[in-house]
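Colleague: I should like to learn how to read a strand arrangement and the surroundings of one residue. Please take me through the model.

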Amino acid sequence: MDDSQSQKHIISILKNIISCGTFPHFHFCGPNNDHILEIINSILSDFYHNKSMIMQIHVLDNLSESLLVQMITAFCNLQPVVANKDKNKPKIVIIHQQNESLTDNFIHFLEDRMSEKIVKFIFLTSSMHIVPTVLLNKMVSFTINSSNQ
């Protein structure tokens, strides 16, 4: 099975998992963030037509973690712009994290949020080792190679 077929197979499996009502936190790592984001969009597109249910955050050194906490908390507390037929569908926070390290306080905040059912996190990184182990242990992880892209 080549990379393209393998990725289509993974997408199919993940869509099936989500359609069955099981939605874990995800971690996708790979060298091409745009390619990984395409894969995530193809997984979520059938289930999340309402874009007010998805928030993307880029963890950057110049963005304070207290602001990130406020943004995530506010997003989780907002009602969707369009009425959601499935009240149990979690909101999605996609976190783009490259090489920036997270403080212990922010890690604990994310860990607490990950235990709630109203929000699911998807981390996008360039390496498996960027996400702290305590968070990584709560996620299903995939390494995406984009050699054919």
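Modeller: The sheet comes first, then its helices, then a single side chain. This is a predicted model, in which local features need pLDDT of at least 70 and side-chain atom pairs count only at pLDDT 80 or more, while totals for chains, interfaces and linings use all residues. Residues are numbered from 1 along each chain as its sequence is written, and side-chain values use heavy atoms, with hydrogens and water left out.

Colleague: In what order do the five strands lie in the sheet?

Modeller: Strands (E, at least two residues) and helices (H or I, at least four) are DSSP runs, numbered from the N terminus. Two strands pair if DSSP finds at least two bridges between them. Here the open sheet has the order E2-E3-E4-E1-E5, with parallel pairing. Its edge strands, E2 (54–59) and E5 (139–143), each pair on one side only. Between E2 and E3 (residues 91–97) there are six bridges, and Gln-56 has Ile-94 as its bridge partner in E3.

Colleague: Which strands does helix H3 touch?

Modeller: Contact means heavy atoms within 4.5 Å. Angles run from 0 to 180 degrees between N-to-C directions of lines fitted to C-alpha atoms, for helices over the stretch in contact. H3 (residues 65–77) touches E2, E3 and E4 (119–125), and makes about 175 degrees with E2.

Colleague: Is His-96 buried or exposed?

Modeller: Buried means under 20% relative accessible area, exposed over 50%, partly exposed in between (1.4 Å probe, protein chains only). His-96, in strand E3, counts as buried because its relative accessibility is 5%. Residues that His-96 touches include Asn-33, Leu-37 and Leu-124.

Note on methods
Lists of a residue's contacts leave out its neighbours within four places in sequence.
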